[in-house]
Every structure is written in C-alpha cells, then in structure tokens.
Amino acid sequence: MEVALSAVAGELVSRFISFLLNKYHSSRLHSQEKVMERLQHLLMRVCTIVEEADTRYINNSGMMMQLKMLSQAMYRALQDGASSDEVSSNDSSTWSLYLAKRSRTTNKATHLELHCALESLEIVVANMAEFVILLGGCERMSRRPYDIYLYIDNFMFGRHAEKQKLLSFLLHLDPLGDDALAVLPLIGGATTGKKTLVAHVCGDERVRGRFSSILHLKGDNLLRILDHRRTMKGMMLIVIEFVSDVDDDDWERFHSFLMRIGRGSKIIIVSRIKSLARFGSVKPIFLSALSHDELRYLFKIMAFGSVDPTEHPRLLQLADEFAKVLHSMQSSLVEITVFADALRRSLHVQSWCCILDKGRRFFKRNLSMYGMQPRIALLEQGHPVDITDVTSHPHSMAPYTMNTSVEKPPSVTAAELLTDPSVRPKGDFILILWESRIPPHESFVYFVTSRAQDKHQGSTLAGRKRRGVPV
C-alpha cells in the first residue's frame, strides 16, 4: 500500500512539474511574440519616418541631429533585435524595408537582445513626435526616376543627416551675408563616399536651379580658373577635390577672385586632409566609415539580394562573420560591395566559407606586410597590395592609369576572381574591383602583376614604369 501511494504521489508531482514547465514555456513564448510584435511595429514606424525625411528639405540643425539619432537607432535595432529575422531591402527614396517572420526558437540571450532593442527604440520614438510634426512642414523633394530600383547597388546608402546638411548649405544664404563666399569642407577617408554624396546633392532640382553653373575642379589646378574669368558669370557652385594641401596664398588668390565674380556663389571642398577644414566658413562635414550596425545591415542586403535570408540560416551566420572581419579592417564601401557581389553569385555554404577564408588571409597578409589595412596601404600610402590569397598565385596590384599608346591588358572583375580563380588571365592583367552605377560613376581599376616576376627582376612594382601603370 505504501509503495502504491509513493508511486501515485511521484506521478502527481511529475505531472505537476510538467504542467508548470509547459505553462512557463507557453507564457514565455507569448511574451516573446508580444515583444517581437512591438519591435516590428516600432521598426516600421521608424523606417517610415526616416524614409519620409529623405524626401524632404530639412533646414533645422536640431532636426538633422534627431534624424541622425533615429537612423542610428534603427540600424542598431535591426541588428540587435532582428538578427534572426533578417531584413531585406530595396530603395524607395534611398531604401525601404520589410521584416521577415521571426523564428519561435529563441534562447535566453536572444530574448534579452530583443528587450534591449525594444527599450532603445521606444526611447528614441518617444521623442520623435515633435520631429514628425516639423517634418510635415518641410518642403518635399521631387521624386526620382524608377530606374534607381533596377539594381541592388543603384542607390546611395545612409548618410541621411549629412545629405540634409549639404542641401541646407547650398539652398540657403550664408549666415555672414549674401555677399560672403560660403565654403563647406567635406572631409573623409578614402572611399567613404564623399564624391558620391556631393554628386547626389548636386543632382537635386533645387540645387541645379539655384546655381548658373556647377564646376568641378582639381586642387592641383586651382589657379587655372583665373584664365577663364571672362566666361564665368552668375551664381556658381564650385566643387574642389584636393589630394594634397594647398598654399594659403594660393587659396587667398582663388577666394578673392571668386568673391568678385558673383554674389551667392558657394564652394565645397572634398578631401581626406583634415587641415583643409581651416578654409571653411561653416562647420565642416566629416564622413566616417560605416558603423558596425550599418555595415552589417548593408552587407546582408547586398549579399542575399532578393533571396529570403531566413531560408539560409548557416549563411546568415557566415554573413555576420564577414561583417565582423570587414568592420575590424575598416573596409570601405568598395570592399563591402566586392565581397557581397561574389557571395550573391553562389548561395552555398562551401563557397561562402572559401571566400571568407580568402578574405581573412588577404587582410592578415597585408596587415603583416605594411602594418595597416590594405585600403590605406594602397590608396593613401601608395603601396602595391598583395592579392595572392585572391588569385591563388603570387600577385600584387597598384592603381591603373589608362595608356592609349599601348595595348590594353586583359581584365577580370574581383567578384569573378573570388568565386573562380581559374578565370585569371595569364600574365599581367587589369582587376576591376567595382564600377559604380550612380554619379559620379567611379571606377576602381587596378593593374596586377606577378610578384614572382618582380622578385626575379629585383624590384617592386612601385616606382617603375609598366604598361598603363603610374610612376
């Protein structure tokens, strides 16, 4: 009898514990779904506000700061809270968003991430009521043609606040007065999108209508503009790209000349050199590299394209690894685009693992050689970059300059080479990293030579004349 009672009691206790566990699990799932539903709702609100702000002319500096905070919170929430239900994107002003379904199988860490993302987003959204009201009073921009949606890389990503600052500078009188010559320095590292941002803003209808002409000058030919004084009339926008510093006396001559030409003319200085900010009449705009949240978000959009990322959970994990490597090496938009393009060609785990391994070895090799990231070594220091890990053969590359007097070498794209090294041409060749589809339509083209040949000749690529290669 005691044995039977003990067995019955044990069974009842076991069932009671199972009941409590099931109830707890059910309650937790319900809570998880509520949090996810709330997060998705807030994300849609935030995305709508940011997208709408991109179609308006914002002149208030406080609103520009709020827009920057809002976009940062959006990207952070998309990554912290939506890392398992990745986001796909296309552009409607610069881009638009939609959320996929959230997996029900979430762990404790993910649950905590969701709550943190939700709390962060709620704080930002709570302070946006005034911003939305003021936004309704801002003038709307004209819509852009639908052909911008034809390609995944056919739009300018992010830079919402910076774009508004640049537009405000161009479309409004200088605080110093109508007779003043306003100068805005736009400073940023190599391939951070400085010229793309300027081209994007110069394409605005109101900007083009305000200035009689838009001139693009190189800093090393700054004073040549003096030879064209008779043809220069009206209110002008002058965009100057500097690759080196300029003498203060030369700048003063240039500045004084433009002061006499036309009232209301404006200058945009585009450069990597921070000291050129001294010529600005307004606070400079500094373009930094993408944050980890922005980079991770953009990289996944470009790598998966129109494919639903939730159908490839292992590739999602690899995409996170790619984003970590690219961000740690301070990679530019060019490198992000190259790797994403290569991955999008083959949505297979083995292919992605192989390209990730190549990327890691490429960064590690050049970091050990120069003590700096490959992008900086190549574009800012002028060193030839070792791409042995990409080509599966001892190769280095340097910037390429077209020489019409010699036969053009064969060419191949970086994405093709990453996915299939067998397409590598024999001998020296041209490597096309990326050709932008948006203004100013920059092409990033490099000349590749065999490192084995360099060693045999007892010299390196840099400082020596080769076909089409700058000295």
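**Note on the predicted model: E241, helix α9 and confidence**

1. The side chains of E241 and K218 are joined by a polar contact of 2.8 Å. This is a feature of a predicted model. E241 itself sits in strand β5, which covers residues 236-242.

2. What else does E241 touch, leaving aside residues up to four places away in sequence? Besides K218, the list holds K195, L217, G219 and V270.

3. Helix α9 covers residues 292-304. Its length checks out. A helix's expected span is 1.5 Å times one less than its number of residues. For the 13 residues of α9 that gives 18 Å, and the end C-alpha atoms lie 18 Å apart, so the two agree.

4. Is α9 enclosed or open? Enclosed, largely: 12 of its 13 residues are buried, so the rest of the structure surrounds most of the helix. Charged side chains do not escape this; D293, E294, R296 and K300 are among the buried residues. So are Y297, F299 and F304. Buried here means under 20% relative accessible area.

5. G305 comes right after α9. The phi of G305 is positive, near 60 degrees.

6. Now confidence. The protein chain averages a pLDDT of 77, and 74% of the residues score at least 70. Residues 82-106 fall below 50, yet this stretch has 90 contacts in the model beyond near neighbours in sequence. Residues 454-471 also stay under 50, with 38 contacts beyond four places in sequence. Where pLDDT is low, the predicted coordinates should not be read in detail.

How values were computed
Residues are numbered from 1 along each chain as its sequence is written. This is a predicted model: local features need pLDDT of at least 70, side-chain atom pairs count only at pLDDT 80 or more; totals for chains, interfaces and linings use all residues. Side-chain values use heavy atoms; hydrogens and water are left out. Helices (H or I, at least four residues) and strands (E, at least two) are DSSP runs, numbered from the N terminus. A polar contact is a pair of N or O atoms within 3.5 Å; within protein, one must be able to donate a hydrogen and the other to accept it, and residues adjacent in sequence count only if both atoms are side-chain atoms. Contact means heavy atoms within 4.5 Å. pLDDT is the predictor's confidence in each residue, from 0 to 100. Buried means under 20% relative accessible area, exposed over 50%, partly exposed in between (1.4 Å probe, protein chains only).
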